[in-house]
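These notebook entries record what I looked up in one structure. I took the packing of a helix first, then the rings, the open and closed spaces, and two serines.

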Amino acid sequence: MMATNPQIKDVQFSEKGLKEFNHLLTRYDSKRSALLPVLHLAQGEFGALTDDVIHYVARLIELSPAQVLEVVTFYHMFHRKPVGEHHLQFCATLSCWMAGSHQLLKSTCSRLGIREGETTSDGKFTVTRVQCLGSCGSAPVVQVNETYYENLTPEKLNRLINSCKEGEPKIP
């Protein structure tokens with residue numbers, strides 16, 4: 001839900017971010033068409049698409065904050081609050097669920113001592129459930145940041161989490 005708080009903080013891109021924003025605008029026929037890449041830029045710069053950031057992007061793109069929020073809440077790659085260094089996104093659609101993703105999600109939360117949607121106190125892990133990562137033939141699948149890990153078993157997932165703790169996610 002968008003805050004109706006009149007105390008929305010005034011955020012703005014860094015000089016580098018503003019330069020990238022202006023470059024993005026040259027690639028599209030209208031500001032509105034640049035919304036998705038601008039949201040990616042804003043999330044990268046600010047860490048999350050908070051109410052403040054949504055209002056800022058809306059002003060830049062000349063849309064209402066509600067129009068920007070509609071897009072932010074539609075796509076699972078946009079975050080309303082900061083996520084951990086390793087964002088584990090468990091696919092929850094039928095193929096993955098039937099292959100055990102719900103159990104993998106539950107055991108991961110238990111292992112990390114957090115609930116679904118939470119971030120560990122050290123900021124290393126966030127665990128969320130998402131809808132359809134589009135990898136039904138290799139279920140269950142977990143997306144860690146931008147990388148898919150498919151055909152997961154509890155053992156593979158444990159190795160993946162251990163590798164994240166060591167710095168770089170992979171299944172050895």
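**Entry 1: an enclosed helix**

I began with H3, whose buried residues pack against helix H1 (15–26), H2 and H4. Contact here means heavy atoms within 4.5 Å, and helices (H or I, at least four residues) and strands (E, at least two) are DSSP runs numbered from the N terminus. The model is predicted: local features need pLDDT of at least 70, side-chain atom pairs count only at pLDDT 80 or more, and totals for chains, interfaces and linings use all residues. Residues are numbered from 1 along each chain as its sequence is written, and side-chain values use heavy atoms, with hydrogens and water left out.

I then asked how many residues of helix H3 (residues 51–61) are buried. The count is 10 of the 11, so H3 is largely enclosed by the rest of the structure. Buried means under 20% relative accessible area, exposed over 50%, and partly exposed in between (1.4 Å probe, protein chains only). I noted the buried residues of H3 as Asp-51, Asp-52, Val-53, Ile-54, His-55, Tyr-56, Val-57, Ala-58, Leu-60 and Ile-61. Glu-62, just after H3, takes a positive phi of about 65°.

**Entry 2: aromatic rings**

I found six aromatic pairs in the structure. One of them joins Phe-74 and Tyr-75, edge-to-face, with 4.9 Å centre to centre and 90° between the planes. The rule pairs rings of Phe, Tyr and Trp (its six-membered ring) if their centres lie within 6.5 Å; planes under 30 degrees apart count as stacked, over 60 as edge-to-face and the rest as tilted. Tyr-75 also pairs with Phe-78: the ring centres are 6.2 Å apart and the planes at 85°, so this pair is edge-to-face.

I looked up the accessibility of these three residues. Phe-74 is exposed at 63% relative accessibility, Tyr-75 is partly exposed at 31%, and Phe-78 is buried at 6%. Elsewhere I recorded one aromatic cluster formed by Phe-13, Phe-21, Phe-46 and Tyr-56. Of these cluster members, Tyr-56 is already entered above as a buried residue of H3.

**Entry 3: pockets**

I next searched for open space on a 1 Å grid over the protein atoms alone: a pocket is an open set of points with protein on both sides within 12 Å along at least five of seven lines, whereas a cavity is a set where a 1.4 Å probe fits but cannot get out; lining residues have an atom within 4 Å of a point. Grid points are joined across faces, edges and corners, and a volume is the space filled by probe spheres set on the points.

The largest pocket holds about 290 Å³ of space. I counted 19 lining residues, with His-76, Phe-78, His-79, His-87 and Thr-128 nearest its centre. Helix H4 (65–74), strand E1 (86–91) and strand E2 (125–130) each give two or more residues to this lining. E2 supplies the largest share, four residues. By class, the lining has six nonpolar, nine polar and four charged residues. Ala, Val, Leu, Ile, Met, Phe, Trp, Tyr, Cys and Pro count as nonpolar, Asp, Glu, Lys and Arg as charged, and the others, Gly among them, as polar.

The second largest pocket holds about 150 Å³. Its lining includes His-40, Gln-43, His-76, His-79 and His-87. Helix H2 (35–46) and E1 each give two or more residues to it. I noted one nonpolar, eight polar and one charged residue in this lining.

**Entry 4: one cavity**

How many cavities of 30 Å³ or more are there? I found one, and the largest cavity has about 30 Å³ of space. Phe-90, Cys-91, Ala-92, Trp-97, Ser-101, His-102, Leu-105 and Arg-129 line it. H6 gives the most to this lining, three residues.

**Entry 5: two serines**

Ser-163 is found in helix H7 (residues 154–166), and at 3% relative accessibility Ser-163 is buried. The side chain of Ser-163 reaches the backbone oxygen of Lys-170 at 2.7 Å. Leaving aside neighbours within four places in sequence, I listed Glu-168, Pro-169 and Lys-170 as contacts of Ser-163.

Ser-121 lies in the loop between H6 and E2. Is Ser-121 buried or exposed? Ser-121 is exposed, with a relative accessible area of 85%. I closed with Ser-121 and Gly-84, 37 residues apart in sequence and 9.3 Å apart in space, C-alpha to C-alpha.

How values were computed: Polar contact = N/O pair within 3.5 Å; in protein donor to acceptor, adjacent residues only side chain to side chain.
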